[in-house]
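Hi everyone, thanks for making room for me today. I'd like to walk you through a structure, so please have a look at it while I talk.

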Amino acid sequence: MRIVDRVGSLARCCFIIGWVCGTLAGARAQEPLQWSDLPEIPNAIGVAGPFAGTLGNELVVAGGANFPEAPPWEGGTKVWHDAVVALSADGRQWRTIGNLPSPRAYGVSVSTEDGLILIGGSDASRHYTDVTRLTYDGSTLSFEALPPLPEPLANMCGALWGKRVLVFGGTTDPAATEASDRLWSLDLSGSAGDWNELPVLPAAGRMLATAGVQGDAFHVFGGVSLEPDEDGKPVRTYLRDAYRYRNGEGWSRIADLPVSLAATPTPAPAIGAAHLLLVGGDDGSKVGFEPLAEHPGFHDQVHAYNTITDAWNVAGRVARPSVTVPVVKWRDRWVIPSGEIRPGVRTPRVSSLTVASRKANFGWLDGTVLAAYLLAVVALGSWFMRRNRTTDDFFRGGGRVPWWAAGISIFATMLSSITFTAIPAKAYQSGWSFYLANSYLILAPLIVVVYLPFFRRLNATTAYEYLELRFDLLIRRVASLLFILLQLGRIAVVIFLPALALSTATDFDVGWCILVMGVLVILYSVLGGVEGVIWTDVLQTVVLMGGAAWALVAILVNVDGGAGALVTTANEHDKFFQSVNWDWDLTHDSVLVIVVGSVFANLFSYTASQDVVQRYVTTRDERTAARAIWTGFLIAPIAQAIFFAIGTALFVYYRQHPAELDMTRPIDGVFPQFIVDRLPVGVSGLVIAAIFAAAQSTLSSTLNSVSAAVVTDFYRPWFPSSSDARCLAIARGTTVVIGLLGTSVALVFTSFDVRSQWELFLSILGLFGGTVAGLFALGIFDQRATSLGALLGAVASILIVAWLKFFTPIHYFIYPVAGVIACVGIGTIISRLLPPDRRDLTGLTWATLGRREESTRS
């Protein structure tokens, strides 16, 4: 009866929590594009073609042209202006702050930290090569001449691309009958040199095109080409084609615009991690419209381009479409100051655009499922609390864990939420090249035959006890400390990702998600010890892989054309292994970098990282530990293939349904968004629970292993007379402290724009992991290695890896390679120059391992 009452209480608790979750996180239907007005510019009729940008915290508009006396169909004359006006930082009032050296319009303006750069442009008589940097100290407007354009240009487009300004297209003369196809670059990273010409566009030259920068690519959309008619006058052809420019790749054609567009406000606003917006424009459909006084205006649709899926969708509409006007990123919004609303007609209005996130429908049933899972893992940890009477129970499970459970736990420990969310995001963005990082089967024989015997036969609680026996206590503590520091960073990343997933799914604040996640993991890790952690890992793996499989099937069902269309579309867009680089360049993810780098990264994880090595001593004997290792290694490639397949399927789905993708979400949020948008009610809660399962399996293992390292490698040597009960209490307290520290670092992560959490995680891993793995390799394989040689090798390894990270462009996969090689190589050389250590190495090196066995038998 007591059990029934407890189950009933748990069910009621889950329902209440789920109802609260559903109430707090219900969908908030709203248009993604939010338009508002700022104060009108101090020109009664407005201007077209102004320069615009930011100076400090103020919005600045300079120059421009209009018809102040009468519209053109009444014989009015276009007038160019030189006024420079600024909108105060609070967005309330415009004021005149100076004048340009001469009236100017229809150039390119670029905002930088050092000022507003004005490039080219025209007046009533000609086009210009002038390039000027504007600065403003609050009272005086200053002008600094920069290297001029190689040719006069107006009606071109441009943008800031990293530390360089790019300018494309335009015309060189007011009466030009041909538009430019040239791309110019000015480097701002040092003292500005001359403009450099980059490869020309492999298509018709154009003017009034729209530029856009997203990620590492510069884009050009639409515009008009020119050609002379019989009388030698320019005739416009409106264009739909679009192109992308990347360093090393040059120009590539991308998906055509849905309609021809020219004079769209430029540069295109970059939204989130993958979208560019084309806000209205002139589609050419009303060329020749008469009478001009009744012209209905320009194209009013906002087209969103996804740079990953290469797909367009209509994101909304603009109430008052303006053309021939810049777009300025000002504070948290995109501003279109003035512009032309009909041929010859300007507006003084200033439009402001923000893009809102779309919250999904995460209802009470989803919340109940998620709450049930979270309470279940805490209950499972509580169940094992009664078996944790000693530190051996807490850290090693008393050797009672079956090999298959330990193997699943090894897999779950290394899987984490990084696999569940970031690997699908990586495949969605880049394809399957990173699948080559599955080096587990390469390493398995080495670990089982060479490393495992040392850990099992020494009967060690932590891996770093071996280093004290092989070298000395200092080396042991250095390695253990590096492991602890690494895990603090790892905890933060692994907590942050599922928190991001839940904040994507609901309106919950990501900070609160991090706090709840951290507290729950701390709670059941403290209660259950390593045995509870392992059995919870088994449960979490079932939930995790079940959720992943369900999600993959759901995506395939929703893809138009099924699996066949998915494979065809993904293959056409190089989303399998076509993106693999076969060169020897160590600065990007080539095959060499990925395969070799992953071998060395996994060498740390499976030979020197306490959270995994700890599993080796939880089984009955060495033979069952070997089975556990093989189990984990065989599961991992299959599981990762599923997650890469999810990413590929998401690419095809969102290419077919681009309007369903939330433009504001980071790339790592693409899978969680599909979960809550497209999976049935209740199922989405289960799959979100799977993301939490992935995180918790890693976090709980990390907390217990860090606790083991602190107590075994530091506390006990410092306080050898402490009772086992006291050490157990310290272990639980350490678990709480480390968990809180990792949670705090995860909260810090919310302040940074981290494009790929997986890359961040691997980067952190490489800083210290290679050094620690190198110490173990040096001790096992080099019988002449000394303690001082190992210490100096470790120090040199850390310095070398830090130098590679902060001062070279080398790929982060090379960090662990450099760390291991530097530690082993330098440690070996220094050891040869020093007197040998006088210690018995029987059973502590590969060469003497057999002697220990003979000694034991005798």
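I'll go through the pocket, a surface patch, some salt bridges and a few backbone details. Before that, please keep in mind that this is a predicted model.

Let's begin with the pocket. The largest pocket holds about 1,600 Å³ of space. Its lining is made up of 39 residues. If you want to find the centre on your screen, look for Asp216, Arg246, Glu249, Gln429 and Ser430, which are the lining residues nearest to the centre of the pocket. Which elements give two or more residues to this lining? There are three strands, β17 (217-221), β20 (242-246) and β21 (250-254), together with the helix α4 (403-430). As for the chemistry, the lining of the largest pocket has twelve nonpolar, 15 polar and twelve charged residues.

Now to the surface. Leu446, Val449, Phe781 and Trp846 make a nonpolar patch of about 370 Å². Let me pick out Trp846 from that group. You'll find Trp846 in the loop between α18 (814-833) and α19 (849-857). Trp846 has a relative accessible area of 39%, so this residue counts as partly exposed.

Next, salt bridges. How many does a search of the whole structure find? The count is 21 salt bridges, and I've chosen a few to show you.

Take Asp130 and Arg104. These two form a salt bridge, and their closest N and O atoms are 3.4 Å apart. Asp130 sits in the loop between β9 (115-119) and β10 (131-136), while Arg104 sits in the loop between β7 (94-99) and β8 (108-112), so the pair ties together parts that are 26 residues apart in sequence. Is each partner buried or partly exposed? Asp130 is partly exposed, at a relative accessible area of 33%, whereas Arg104 is buried, at 9%.

Then there is the pair Asp782 and Arg832, where the closest N and O atoms of the salt bridge are 3.0 Å apart. This pair links distant parts of the chain: Asp782 is in the loop between α16 (757-781) and α17 (787-807), and Arg832 is in helix α18, 50 residues apart. Here Asp782 is buried, with a relative accessible area of 9%. Its partner Arg832 comes out at 34% relative accessibility, so Arg832 counts as partly exposed. While we're on salt bridges, there is also a network to look at: Glu151, Arg182 and Glu197 are joined into one by salt bridges that share partners.

One more pair before we move on. Arg346 and Glu340 meet through their side chains in a salt bridge, at 3.6 Å from N to O. Both of these residues are buried.

Let's go over to helix α7, which covers residues 473-505 and contains Val478. Ala479 is in helix α7 too. Val478 is partly exposed, with a relative accessible area of 22%, but Ala479 is buried, at 0% relative accessibility. If you'd like a feel for distances, Val478 and Pro71 are 407 residues apart in sequence and 78 Å apart in space, C-alpha to C-alpha. For Ala479 and Thr368, which are 111 residues apart along the chain, the C-alpha atoms are separated by 43 Å.

Finally, some backbone details. Where do we find cis peptide bonds? One joins Thr266 and Pro267, with omega at about 0 degrees. Pro267 is in the loop between β21 and β22 (270-271), and β21 is one of the strands we met at the pocket lining. Another cis peptide bond joins Glu290 and Pro291, with omega at about -10 degrees. Pro291 belongs to the loop between β23 (275-281) and β24 (299-306).

There are also residues with positive phi that are not glycine. Asn155 has a phi of about 60 degrees, and its place is the loop between β11 (141-146) and β12 (157-161). With a relative accessible area of 17%, Asn155 is buried. Asp574 has a phi near 55 degrees and lies in the loop between α9 (562-572) and α10 (591-607). Unlike Asn155, which is buried, Asp574 is partly exposed, with a relative accessible area of 41%.

That's my tour, and thank you for listening.

Definitions and conventions. Residues numbered from 1 in each chain as written. Predicted model: local features only at pLDDT ≥ 70, side-chain atom pairs only at ≥ 80, totals over all residues. Heavy atoms only, no water. 1 Å grid on protein atoms, 1.4 Å probe; cavity = no way out; pocket = protein on both sides within 12 Å on 5 of 7 lines; lining within 4 Å. Points joined across faces, edges and corners; volume = space filled by probe spheres on them. Helix = DSSP H or I, 4+ residues; strand = E, 2+ residues; numbered from the N terminus. Nonpolar A, V, L, I, M, F, W, Y, C, P; charged D, E, K, R; others polar. Patch = residues over 30% accessible without salt bridge, like charges linked within 9 Å, V, L, I, M, F, W, Y side chains within 5 Å. Areas by Shrake-Rupley, 256 points an atom, 1.4 Å probe, with all protein chains shown as cover. Salt bridge = Lys/Arg side-chain N within 4 Å of Asp/Glu carboxyl O. Buried < 20%, exposed > 50% of the residue type's maximum accessible area, 1.4 Å probe, protein only.
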